[in-house]
Structure formats: C-alpha cells, structure tokens
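Visitor: I have a structure open here and would like to walk through it with someone. Could you help me find my way around?
Guide: Gladly; let us look at it together and take one topic at a time.

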Amino acid sequence: MFARIQLMAARLGVAAAVLALLAAPSEAQQKPSGAEVWGANCGRCHRARAVDAYDARQWESVVTHMALVARLTTDETQAVRQFLVSSARARGSRGGAAAARAEREPVLMASRGTAIPWQPCCDLDVGKKVYQSQCVVCHGKSGKGDGPAAMAMNPRPANLTNAARITRLPDDSLVQVITRGRNAMPAYETLLSQEQIRELVFYVRSLKP
Amino acid sequence: MVRRFRFFTLVLVGLAAAAPPPAEGQGLVVTGYANMEYLNPQGGMQTFDAHNLNLIFIGQLRGDLFAAGEVEYEHGGDEIALEYAYLAFTRWRHVNVVAGKFILPFGTFNVNHPAWINKVPGRPFGFDRVWPATYNEVGLMVRGGLPAGYLSRVTYDVWVVNGLAGADGGDLRGMRDNNVDVDRNKFAGGRVGYVSRAGFDVAASFHTGKYDAASDLAVTFIGVDAAFQKSGFEARGEFVQATQETTGGDLDKTGFYVQASYLVLPTVEPTVRFSQMDFPGAAAEDLQEISIGVSIYPSDIGALRLFGRFNKERTGPEVANNQFIAQFTVGF
C-alpha cells in the first residue's frame with residue numbers, strides 16, 4: 001500500500017509544482033484586498049452571503065470555517081476576515097447586524113447629522129486604485145454595477161454611472177454610505193482612511209455612462 | 001516506531017514554538033441548511049420528502065482552535081447522523097491541522113453536496129456507487145493554500161483515516177462509517193489543486209487503502225475535477241475511478257459528470273447536468289443521466305429548483321425511471 005501512496009504522492013507533488021509555476025512569482029508578493037478575496041472566492045461554491053448576514057463575532061467563526069474549506073492562503077484569510085469583521089463591527093456599533101439589515105432609509109437620509117468633515121481634493125489615480133481594490137468586485141470596472149460578484153446579487157449593486165442618481169447626492173452622503181455601509185454594501189469605516197474615501201468619492205463622480 | 005514517534009513529537013514541538021501568538025477567542029455560530037422535496041418518479045409513487053435538516057455548529061475558540069460539527073436529520077428524522085465533528089488548529093501559515101470526523105475533500109461534489117449549494121437535485125451517477133458520497137471519515141488531515149499569483153493559489157489536503165471496511169468485492173458505499181477501525185490498515189489520500197483569479201480551478205485527488213485486510217484487498221480512488229466561472233456562467237465537471245481489488249481480479253468502476261449553468265437574471269439560473277457510471281460486468285450499473293431545470297432564488301439563502309431527471313440504461317434493458325423533482329432548499 002505504501003508504494004501506491006508514494007506513487008500517488010509523487011504524482012500530486014509534480015502536479016503541484018507545475019501548477020505553482022503557472023503563477024507569476026512577482027504577483028505573488030502583492031496582497032489582494034478583503035473585498036477582492038470575498039468576491040473571487042465565496043461565489044465559487046455558493047451564493048455569497050451579504051456582508052451584513054452576521055455580526056462581527058459570528059464572521060470570525062464563519063471566516064475560519066470557510067477559509068478551511070476553501071483552503072485560502074493565510075494572507076487571503078486575514079484580508080477577508082478584516083473586510084467582513086471590520087465592516088460588521090462598524091455596522092454593529094449602530095445597533096448590531098439586525099439593525100443593519102433593517103436599515104432601509106433613503107440614501108439622502110444618511111447624510112443627516114453626519115459629523116464627517118468633507119474636504120475637496122483629489123487625484124483620480126489615487127481614487128481609481130482604491131476603487132479597483134475595494135469596489136470593482138460588486139460595482140464593476142466601469143461602475144455600472146456589473147462586477148463579478150454582482151451577478152448573483154438581488155438587488156444588483158448601484159450603477160455609479162447613473163448621473164441622475166449620483167449627481168443628486170451630496171458628497172457627504174456618498175461619504176456616509178461608504179463609511180457606514182448600507183444594505184449589502186459593507187462599511188469601510190475602519191478599512192479606508194478618510195482621505196481614501198474622499199479620493200474614492202472624487203473618482204466615483206468621474207465615472208461616465 | 002519509537003523513532004518515528006520522537007521525530008513527529010520534535011516536529012510538533014518545533015512548529016508550536018515557531019507559531020505566532022494565538023488569536024482572540026470568538027463566538028459560537030449555529031447555522032445549517034434544510035431541503036424539502038416533491039418527487040414524481042415515472043412508474044413510482046409521488047411523495048413529499050423532508051429530505052434533510054442539517055444543523056451546523058461552528059466556533060473559533062481561543063488559541064486558534066476551531067471547532068465544527070454537523071448533525072443531519074434525514075427523511076423526516078428517520079435517519080440521524082453526525083456528518084462531521086472536528087477540531088482544527090489554524091495558527092500556522094499555510095498549514096491547518098484537522099482532527100476528528102470530517103468530510104473527505106476528494107473532488108468537489110463530496111464537500112459541496114448540500115442541496116442549497118448543489119445546483120441540481122440528487123447525486124450525479126458515479127458519486128454514489130463509485131465514490132461513496134457523502135463520504136466522511138475519522139482521522140487526521142493537514143490542509144491549506146499557498147499563494148501562486150495575485151488572487152490565485154495552490155491548495156492541498158493530505159489525510160490519514162480509518163478507511164473503508166468490507167467484504168471481498170463488496171459495494172463500496174456500504175463500507176463507510178468505520179468510525180472505530182476494525183483493522184490496523186488505514187486509508188491515506190490527498191488532493192492538490194490550483195485556484196485561478198481567472199475563474200477556473202482544477203484539482204486531482206486520490207484515496208487508497210485496504211478494505212479487506214484479511215484477504216489483503218485494496219481499493220484505490222483517483223479523481224480529477226475542474227470548474228470555470230465567469231459573468232454568471234458556470235461549468236464544472238468531475239471524474240472518479242475506483243480500482244477495487246477482488247480475489248477474482250480488479251474491478252474498475254468509473255463515473256463522471258459535467259454541469260453548466262447560467263444566471264439569466266440574478267434570481268433565475270437554468271442548469272443542465274450529464275452524468276454517467278460504468279461498472280465492469282454489471283449492466284444494471286451502466287447508467288446515464290441528464291438533469292435539466294431551473295433554480296429560482298427568492299433570496300440569497302434560498303432556492304426553488306424545478307428539474308427533470310432522465311435516466312438511461314446504457315447496456316441493460318431500459319427502465320422507466322425518469323423523475324420530476326421540485327426542491328425547496330435553504331442555507332441559513
């Protein structure tokens with residue numbers, strides 16, 4: 001039996017080596033964002049759970065469970081854990097996951113009472129980088145709400161190129177939605193700095209239909 | 001034996017010393033899935049079937065220990081079974097140790113069999129009588145993923161388990177549930193795969209050991225699986241071969257399936273699956289199946305599936321056993 005096991009192990013080892021060579025080593029040094037890991041992996045086996053499906057403590061356990069099954073790398077596990085747990089924690093500070101799920105107020109309402117200071121900026125390239133790492137997975141490269149994870153979402157992510165929708169929103173409303181999340185949209189309060197969020201709003205406003 | 005024990009003890013002590021500080025302890029989550037079906041078989045009895053209710057308990061414990069268990073109530077509670085119950089140690093980079101009873105990660109269907117995940121009701125041919133899904137085992141497993149490019153990874157699983165136990169040439173499915181081993185022979189296996197950011201993944205698996213130690217008879221499974229996802233389209237397939245030694249010679253049993261689905265709307269997903277099983281010298285087991293239907297998703301946790309399953313006997317006389325299946329399933 002051990003001879004058979006050795007043969008099988010040798011074959012699998014060769015297969016692993018070949019597969020590892022398929023990847024570019026330089027790219028292996030880059031670390032994907034938690035949003036990218038979530039978008040690229042969770043939908044491979046099942047319809048991805050909304051980020052507000054669990055509270056922060058529950059996400060801790062769920063992420064470990066799923067990372068084991070999906071054999072995520074250590075960095076991928078940490079990134080997706082930070083993404084989901086931080087978002088849930090930010091939402092949870094306002095009344096827990098149940099309260100977050102029940103949140104249905106119009107976007108404009110979100111701006112009322114906000115204390116987040118708004119300052120004009122910005123550099124499109126900086127905003128684009130943030131957008132690509134955090135937003136593309138749902139909103140798509142062009143912003144039309146057609147990212148790779150969007151196909152199974154109901155309702156679909158917002159079309160950020162919809163001028164009628166976006167232009168009527170003041171900047172601080174967009175900041176509020178990004179910071180605190182809304183419906184399936186995660187809260188980026190602890191994932192992005194205020195500067196990054198401002199750059200992101202600037203970039204989103206540059207998206208064209 | 002003593003040398004081996006010393007070696008493994010030293011390795012474990014070394015790894016423990018090299019491990020980073022433990023993570024913070026976390027809470028318990030109760031989750032699970034349920035599946036209700038209406039079956040209308042050709043020439044058979046129409047019936048409702050409370051097919052299964054599975055309760056899953058997971059918890060990230062202190063010291064990077066993780067615990068998980070799943071209890072299954074099947075067919076209205078007539079069958080109750082422990083699907084898995086294991087502890088996992090997750091502190092080391094790229095190396096996770098799992099001990100207890102777990103579902104063998106051979107291929108993909110064996111793990112992704114729950115109805116709320118499996119897009120076609122029922123098992124494909126070959127993943128019942130060739131690979132005895134759902135096949136869980138008691139033993140030890142090491143698994144993990146290694147970075148292999150941006151958002152891509154090489155995955156591995158290696159396990160040693162009690163294994164199958166049965167009589168010469170017996171049905172493999174009936175050899176499971178060897179929870180307390182009946183002999184000294186263990187089964188060993190593994191899976192190595194590549195998950196690409198481009199949306200495809202491929203893997204190869206094996207599982208081997210002696211199922212009849214008294215007669216020195218072994219069975220060896222080999223399998224390959226692949227999947228591709230892009231813009232709401234998904235294609236997946238899996239092949240398995242079981243080479244079962246018998247006193248009368250080897251039996252090569254094979255099975256495979258291919259499946260394609262497309263999200264025409266976020267809530268509507270037509271799916272088709274073709275599967276086939278071949279048993280040497282057993283015409284009744286040379287079967288084909290085409291399942292075609294649609295899944296409707298009222299939410300991200302539920303699915304209503306309406307499917308026709310059309311079976312064909314490839315070498316034996318045709319049997320009128322096609323089936324209409326309406327399935328409502330929830331993963332909660």
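**A walk through two chains**

Guide: We can start at B:I103, which sits in strand β5, residues 96-103, of chain B. Please keep in mind throughout that this is a predicted model.

Visitor: Okay, is B:I103 buried, exposed or partly exposed?
Guide: B:I103 counts as partly exposed, because 19 other C-beta atoms lie within 10 Å, and a residue needs 20 or more of them to be called buried.

Visitor: And what does B:I103 touch?
Guide: If we leave out residues up to four places away in sequence, B:I103 touches B:E83, B:Y84, B:N110, B:V111, B:T134 and B:N136. One of those partners, B:T134, is found in the loop between β5 and β6 (136-147) of chain B, and the peptide bond that leads from B:A133 to B:T134 is cis, with omega near 0°.

Visitor: How far is B:I103 from B:Y194?
Guide: The two are 91 residues apart in sequence, and their C-alpha atoms are 20 Å apart in space. B:Y194 also belongs to a core of eight residues, separate from the largest one, that includes B:A148, B:Y156 and B:A203.

Visitor: What about B:E37, where is that?
Guide: B:E37 lies in strand β1 of chain B, which covers residues 28-41, and it counts as partly exposed because it has 19 C-beta neighbours inside 10 Å. Not counting residues up to four places away in sequence, B:E37 touches B:D49, B:H51, B:P121, B:I325, B:A326 and B:Q327.

Visitor: How far apart are B:E37 and B:F328?
Guide: Along the chain they are 291 residues apart, yet their C-alpha atoms are separated by 6.3 Å. Across chain B, if we take contacts between residues at least 6 apart in sequence, 53% join residues at least 24 apart.

Visitor: Zooming out, what is chain B made of?
Guide: Its secondary structure comes to one helix and 16 strands. The radius of gyration of chain B is 21 Å, close to the 20 Å that the globule rule gives for 332 residues, so chain B is as compact as a globular protein of that length. Its C-alpha trace spans about 65 × 55 × 40 Å along the principal axes, and 39% of its 332 residues count as buried.

Visitor: How many residues of each chain take part in the contact?
Guide: The contact takes 44 residues from chain A and 51 residues from chain B. On the side of chain A that touches chain B, α1 (2-22), α2 (25-28), α3 (34-41), α4 (56-70) and α5 (74-92) each supply at least two residues, and α1(A) gives the most, with 10 residues. That side of chain A divides into 24 nonpolar, nine polar and 11 charged residues.

Visitor: Which residues have the most contacts inside the largest nonpolar core?
Guide: That core has 87 residues, and those with the most contacts inside it are A:W38, A:W59, A:L84, A:L200 and B:W131. Helix α4(A) brings the largest share of this core, eight residues. As for A:L84, it touches A:G34, A:W38, A:V51, A:W59 and A:V63 once residues up to four places away in sequence are set aside.

Visitor: A:L200 came up there; which helix has it among its buried residues?
Guide: That is α12(A), whose buried residues are A:I197, A:R198, A:E199, A:L200, A:V201, A:Y203 and A:V204, and they pack against α8 (124-134) and α11 (171-180) of chain A. Helix α12 of chain A, residues 194-206, has 13 residues and reaches 19 Å from its first C-alpha to its last, close to the 18 Å expected at 1.5 Å a residue.

Visitor: Which backbone angle stands out at A:R71?
Guide: A:R71 has a positive phi of about 50° although it is not a glycine. This residue is in the loop between α4 and α5 of chain A, and it is buried, with 24 other C-beta atoms within 10 Å. A:N183, in the loop between α11 and α12 of chain A, has a phi near 55°, also a positive value in a residue other than glycine, but A:N183 is partly exposed, with 15 other C-beta atoms within 10 Å.

Visitor: Last one: where in chain A is the pLDDT below 50?
Guide: Residues 23-28 of chain A are one such stretch, with 10 contacts in the model beyond near neighbours in sequence. The pLDDT also stays under 50 over residues 95-117 of chain A, for which the model has 35 contacts beyond four places in sequence. Chain A as a whole averages a pLDDT of 78, and 73% of the residues score at least 70.

Definitions and conventions: Residues are numbered from 1 along each chain as its sequence is written. Chains are lettered from A and ligands numbered from 1 in the order in which they are written. This is a predicted model: local features need pLDDT of at least 70, side-chain atom pairs count only at pLDDT 80 or more; totals for chains, interfaces and linings use all residues. Two residues are in contact if their C-beta atoms, placed from the backbone, lie within 7 Å. Helices (H or I, at least four residues) and strands (E, at least two) are DSSP runs, numbered from the N terminus. Ala, Val, Leu, Ile, Met, Phe, Trp, Tyr, Cys and Pro count as nonpolar, Asp, Glu, Lys and Arg as charged, and the others, Gly among them, as polar. pLDDT is the predictor's confidence in each residue, from 0 to 100. The expected span of a helix is 1.5 Å times one less than its number of residues. A residue is buried if 20 or more other C-beta atoms lie within 10 Å of its own, exposed if 12 or fewer, and partly exposed in between; C-beta atoms are placed from the backbone. The radius of gyration is taken over C-alpha atoms; the globule rule is 2.2 Å times the number of residues to the power 0.38. A nonpolar core is a set of buried Ala, Val, Leu, Ile, Met, Phe, Trp, Tyr and Cys residues joined through C-beta atoms within 7 Å.
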